[in-house]
Amino acid sequence: MKIETTGASERTAHQDNLTVQGVDASHKLAEHDLDRMKKYRDLIIKVGQAHQMDPAVISGIISRESRAGAVLKDGWGDHGNGFGLMQVDKRFHKPEGEWDSEQHVSQGTQILISFINAIKRKFPDWPKEHQFKGGISAYNAGDKNVRTYEKMDIGTTGDDYANDVVARAQWFKQNGF
């Protein structure tokens, strides 16, 4: 909740034909995913507790990556490269579990944590909120893509990944996740 965010870009907001962008757009996108997300709420909370990761952050990633499963075909997205709710990329990881399983969400959460830790090592002097946001950006584009705090999203999908995920996570946090 303490992480500053600019929210979704116009390009990302356009997914739902929104006329707003920024934090308002991210909140609307998350709200549009809420009914589907409720199906996974208990699972997300369980995985979050097991890995000491805020369930709202996991929810923000699931909303951004797969729209809570809505954009997947047989559990796959990203031209057949991304697997499951959290879109684990088969080019870099061996997907685990069913596309909407606890095992899958656990794997995606572990990948996120590994990127947060990579950013902590890369930028030890950054405040923890910046490191956390950098890890979210790295979840999408890799830790090599994160070079500065201000431009960490350049090179991510929509050039807004961490900012959008953080804003969605903040919305989910206020809505029971």
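**Pockets of the predicted model**

α4, α5, α6 and α7, the last spanning residues 161-173, each contribute at least two residues to the lining of the second largest pocket. The model described here is a predicted one. Among these helices, α7 provides the largest share of that lining, with 5 residues. The volume of the second largest pocket comes to about 430 Å³. A total of 20 residues line this pocket, and those closest to its centre are M1, I3, D54, V57 and F132. Sorted by class, the lining of the second largest pocket holds 12 nonpolar residues, alongside 6 charged and 2 polar ones.

Attention can now turn to the largest pocket, which has a volume of about 740 Å³. Its lining is made up of 27 residues, and E65, D78, Q87, N140 and T157 lie closest to the centre. Two or more lining residues come from each of α1 (10-13), α4 (55-66), β3 (88-89), α5 (102-122) and α6 (128-141). Of the elements, α6 gives the most to the lining of the largest pocket, namely 4 residues. In terms of class, nonpolar and polar residues are represented by 10 each in this lining, and charged residues by 7.

Taking the two pockets side by side, α4, α5 and α6 each supply two or more residues to the largest pocket and at least two to the second largest. For a reader browsing the structure, handy starting points are E65 and N140 for the largest pocket, and D54 and F132 for the second largest.

Note on methods: Residues numbered from 1 in each chain as written. Predicted model: local features only at pLDDT ≥ 70, side-chain atom pairs only at ≥ 80, totals over all residues. Heavy atoms only, no water. 1 Å grid on protein atoms, 1.4 Å probe; cavity = no way out; pocket = protein on both sides within 12 Å on 5 of 7 lines; lining within 4 Å. Points joined across faces, edges and corners; volume = space filled by probe spheres on them. Nonpolar A, V, L, I, M, F, W, Y, C, P; charged D, E, K, R; others polar.
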